[in-house]
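Please follow the strands and helices of this model first, and then turn to the charged side chains that pair with one another.

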Amino acid sequence: MLRLADLTWPEARAAARNRRSVVLLPLGAVEQHGPHLPLSVDWLGAEELARRVAPHLRRAGWHPILAPSLPYGASTLAAHWSGTVSLSVATTTQLVVEIVRGLATHGFRRIVLTNYQADPDHLRAIAAARRRLTRGGRVQVLVAGFAPPDGRPSAMTDPRVRALMRSPRPEREWHSGELETAMMLSVAPALVRRAVARRLPPAWLDWSAALARGVRRFERMDPSGRGYFGWPATGRAETGRRVMALRGRLIAAALVEDLARGPRRAVRRRRR
C-alpha cells in the first residue's frame with residue numbers, strides 16, 4: 001500500500017488524479033488501556049484496520065493510500081487517567097475536517113476514516129466532521145471500524161467476531177479486555193505487559209448499559225477498577241490475527257459497495 005507521506009509532490013498529484021484512489025486516514029487516541037497495555041492501542045488499532053482493509057480494496061480495483069495517522073482524539077471516558085491526552089469534540093471535529101479538506105484541495109475525493117476509538121464523544125466528532133465534509137457532494141467520507149450509528153450492523157461487534165473469542169462472557173468484553181489484548185499481541189507484542197495481563201482477574205461490567213445511563217468516566221463505571229473491562233488473560237495473538245482479518249474482510253465488503261456509489265450518490269442516499 002502506498003504511504004502518502006513517502007510520496008513526492010508530483011507522485012501525490014498523480015495519485016490524487018487517479019479516480020480509483022482511496023485515502024485511508026487512521027484515527028486513534030492516546031489513552032489509558034489498563035495496567036497491561038500501552039497508551040497507543042487505539043492508534044495502532046486504527047492503522048491495523050487500514051492494513052487489513054487495503055488488500056480487499058485493491059482486489060476490487062481501488063488504489064488505497066495510507067495517510068499519516070491522527071493519533072489524538074476525544075477520550076472523555078479516560079480523561080482523568082495518567083497519560084491520556086483527550087481533545088474536545090470541537091477540536092477533534094475541526095482536525096478531521098481540515099485534514100480531509102487539505103486532501104480534497106489537491107484532488108483526493110474518496111476518504112476512509114479507519115477508527116479504533118469507541119468513546120462516544122470521539123464518535124460524535126467523527127459524525128460532525130463527516131456532515132460538514134460531505135455537504136455539496138464533492139468528497140466521499142466513509143468510516144471503517146468503530147463508527148457513529150447508521151442503522152447498519154457493526155463489523156467490530158459482529159457475532160462472527162465474538163465466536164472467535166475465548167472469553168466466557170464475550171458480551172462483557174470491552175476496553176482493554178480480551179480483544180484489545182489479543183490485537184496488541186498480534187500487532188505489537190513487545191508493548192504488552194504479559195506478566196501483568198496474566199494476573200488480571202476478569203472485570204465484568206455492562207458497559208453498554210452504563211453508557212446508556214450517561215456515564216462518561218471509566219472511574220464512575222467501576223470505582224475500584226484498574227481501567228480495563230473484560231478478561232485480558234484470555235487474549236491470544238492468534239485470536240487477534242483472526243479477528244482483525246475478519247473485521248477487515250467485513251468492513252471492506254461494505255466499503256466497496258459504498259465507494260461504488262461515489263460522493264454525490266452517497267449524499268443523496270443519506271438524505272432520503
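In this predicted model, strand E4, which spans residues 110–115, pairs with strand E5 in the parallel sense, and the pairing runs over 6 bridges. Within this pairing, Val112 stands opposite Leu142 of E5. The connection between the two strands involves helix H4, residues 120–134, and together E4, H4 and E5 make a β-α-β unit that is right-handed. Strand E5 itself, residues 140–145, is mostly covered, with 6 of its 6 residues buried.

Burial can also be followed on helix H1, which comprises residues 9–17 and in which Ala12, Ala15 and Ala16 are buried. These three residues lie on the same side of H1, because they cover an arc of only 100° around the axis. Where does the cover for the buried residues of H1 come from? It includes strand E2 (21–27) and strand E3 (63–66).

The charged side chains add another layer to the picture. Side chains of opposite charge can pair when their charged atoms come close, and a search of the whole structure finds 11 salt bridges. One of these joins Asp206 to Arg172, with the closest N and O atoms 4.0 Å apart. Asp206 lies in the loop between helix H7 (194–199) and helix H8 (207–212), while Arg172 lies in the loop between helix H5 (159–162) and helix H6 (178–187), so the pair ties together parts that are 34 residues apart in sequence. Asp206 counts as partly exposed, at 33% relative accessibility, and Arg172 also counts as partly exposed, at 21%.

Another salt bridge is found within a single helix: Glu238 and Arg241 both lie in helix H10, residues 237–271, where they are 3 residues apart, about one turn of the helix. Their side chains meet at 3.2 Å, N to O. Glu238 is partly exposed at 42% relative accessibility, and Arg241 is likewise partly exposed, with a relative accessible area of 38%.

Beyond such pairs, salt bridges that share partners join Asp150, Arg152, Asp258 and Arg261 into one network. Within this network, Arg152 forms a salt bridge with Asp150, and the closest N and O atoms of the two are 3.3 Å apart. Are these two residues buried or exposed? Neither description applies, since Arg152 counts as partly exposed at 43% relative accessibility, and Asp150 is partly exposed with a relative accessible area of 48%.

Notes:
Residues are numbered from 1 along each chain as its sequence is written. This is a predicted model: local features need pLDDT of at least 70, side-chain atom pairs count only at pLDDT 80 or more; totals for chains, interfaces and linings use all residues. Side-chain values use heavy atoms; hydrogens and water are left out. Buried means under 20% relative accessible area, exposed over 50%, partly exposed in between (1.4 Å probe, protein chains only). Helices (H or I, at least four residues) and strands (E, at least two) are DSSP runs, numbered from the N terminus. Two strands pair if DSSP finds at least two bridges between them. A crossover is right-handed if, with the strands pointing away from the viewer, the path from the first strand over the helix to the second runs clockwise. The arc is that of the directions from the helix axis to the C-beta atoms. Contact means heavy atoms within 4.5 Å.
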